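Work through the exercises below with the sequence and the model in view. Each task is followed by its solution.

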Amino acid sequence: MRSTTETIESMGMEPGAKLIKTEVLTLPVYLQKITGIKDAVHIKRLRYADNIPIGVENNYYPVELGEKIKQYDLNKVSLYDLLEQELGIMSIEAEQKIRSKQVKKGDSKLLKVSPTTSVLIAERKLMDLNGHFVEYERAAYRADMYSFNIKLSRKK
């Protein structure tokens, strides 16, 4: 699984992140259905490439895991590297949807784009080796500053 940091680096740009907020919250019903959990740690970060804001990432974790993640400097780490290298969580499967949608008002300010701008919305659910929920991410990326590389394979 490639992280946003790896994607930005592959484009020849310097990645960066700024923590916007962390909070423990009760998930809306639609996210409870997707994740299978009621309460979560929400981490919101603004992602940069060469100091240009390119994405707003909202990550949701089971509370116990999220509390561990919050102990790290989230302005400097890749969440996927943190999960694997520091917390020993190996992901095996992710389901991701990507679509175009008008940017949310608050996100348009963070991304420094017009509120009428269309962005790429990426939603991803990550599972560990045992099939347990690890993370749900909903991110808004500037379409003019971001690309997705997707490798497809067919199971036999």
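**Exercise 1.** In this predicted model, find which element gives the largest share of the lining of the second largest pocket.

Solution. Start with the space itself: the second largest pocket holds about 190 Å³. Two elements, α3 (63–69) and β6 (133–142), each give two or more residues to its lining. The largest share comes from α3, with 3 residues. The full lining consists of Pro62, Glu64, Leu65, Lys68, Leu87, Ile89, Asp128, His132, Phe133 and Val134. Sorted by class, these residues are 6 nonpolar, 1 polar and 3 charged.

**Exercise 2.** Describe the second largest cavity by its volume, its lining and the classes of its lining residues.

Solution. The structure has 2 cavities of 30 Å³ or more. The second largest cavity encloses about 40 Å³. Its lining is formed by Tyr80, Leu83, Glu84, Ile89, Ser91, Leu126 and Val134. Helix α4 (residues 79–86) contributes the most, with 3 residues. The class count is 5 nonpolar, 1 polar and 1 charged.

**Exercise 3.** Is Met90 buried, partly exposed or exposed, and which surface patch does Met90 help to make?

Solution. Locate the residue: Met90 sits in the loop between α4 and β4 (91–102). Next, take its relative accessibility, which is 40%. Buried means under 20% and exposed means over 50%, so Met90 counts as partly exposed. Finally, Met90 joins Ile92 and Leu129 in a nonpolar surface patch of about 310 Å².

Note on methods: Residues are numbered from 1 along each chain as its sequence is written. This is a predicted model: local features need pLDDT of at least 70, side-chain atom pairs count only at pLDDT 80 or more; totals for chains, interfaces and linings use all residues. Side-chain values use heavy atoms; hydrogens and water are left out. On a 1 Å grid over the protein atoms alone, a cavity is a set of points where a 1.4 Å probe fits but cannot get out, and a pocket is an open set with protein on both sides within 12 Å along at least five of seven lines; lining residues have an atom within 4 Å of a point. Grid points are joined across faces, edges and corners, and a volume is the space filled by probe spheres set on the points. Helices (H or I, at least four residues) and strands (E, at least two) are DSSP runs, numbered from the N terminus. Ala, Val, Leu, Ile, Met, Phe, Trp, Tyr, Cys and Pro count as nonpolar, Asp, Glu, Lys and Arg as charged, and the others, Gly among them, as polar. Patches are made of residues with over 30% relative accessible area and no salt bridge: like charges are joined within 9 Å, nonpolar side chains (Val, Leu, Ile, Met, Phe, Trp, Tyr) within 5 Å. Accessible areas come from the Shrake-Rupley method with a 1.4 Å probe; for residues, only the protein chains shown count as cover. A salt bridge is a side-chain nitrogen of Lys or Arg within 4 Å of a carboxyl oxygen of Asp or Glu. Buried means under 20% relative accessible area, exposed over 50%, partly exposed in between (1.4 Å probe, protein chains only).
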